[in-house]
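Visitor: Could you take me slowly through the sheet in this model, and through the charged pairs that involve its strands? I am a first-year student, so please explain each term as you go.

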Amino acid sequence: METYYDVFVRNWWRRNPSYPGGREPGAGRKTYLQRHVTEADARAICKQYNDSHAPGFLSRKAEYESV
């Protein structure tokens, strides 16, 4: 049985002006890009997204998880 993966993006920081640097650690809500794809496809989707989108101040990046 093959394992499938969901690909999503989320922020790794949240804004907090009272915290040093204006942000604090905190994984944000997941926004799904693709669901039920192979691991090879999930890696390719993440790479394409992360190569074409700057992570920004809150470090928004694509990831995947098994389902």
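Guide: The sheet in this predicted model is open and has three strands in the order β4-β1-β5, paired in antiparallel fashion. Strands here are DSSP runs of E with at least two residues, helices are runs of H or I with at least four residues, and both are numbered from the N terminus; two strands pair if DSSP finds at least two bridges between them. The edge strands, each pairing on one side only, are β4 (31-37) and β5 (61-66), and from one strand to the next the twist averages 20°.

Strand β1, residues 5-10, runs antiparallel to β4 and is joined to β4 by four bridges; within this pairing, F8 stands opposite Y32 in β4. Helix α1, residues 39-52, packs on the sheet and touches β1, β4 and β5, while its direction makes about 165° with that of β5. Contact means heavy atoms within 4.5 Å, and the angles, which run from 0 to 180 degrees, are taken between N-to-C directions of axes fitted as lines to C-alpha atoms, for helices over the stretch in contact.

Now to the charged pairs. Side chains of opposite charge can pair when their charged atoms come close. A salt bridge is counted when a side-chain nitrogen of Lys or Arg lies within 4 Å of a carboxyl oxygen of Asp or Glu, and a search of the whole structure finds five of them. One of these joins D6 and R35, whose closest N and O atoms are 3.4 Å apart; with D6 in strand β1 and R35 in strand β4, the pair links distant parts of the chain, 29 residues apart. D6 is buried, at 5% relative accessible area, whereas R35 is partly exposed at 47%, where buried means under 20%, exposed over 50% and partly exposed in between, with a 1.4 Å probe and protein chains only.

Another salt bridge is formed by K30 and E65, with the closest N and O atoms 2.8 Å apart. Because K30 lies in the loop between β3 (23-25) and β4, and E65 in strand β5, this pair ties together parts that are 35 residues apart in sequence. K30 is partly exposed, at 30% relative accessibility, and E65 is also partly exposed, at 23%.

As for the numbering and the values, residues are counted from 1 along each chain as its sequence is written, and side-chain values use heavy atoms, leaving out hydrogens and water. Since the model is predicted, local features need pLDDT of at least 70 and side-chain atom pairs count only at pLDDT 80 or more, while totals for chains, interfaces and linings use all residues.
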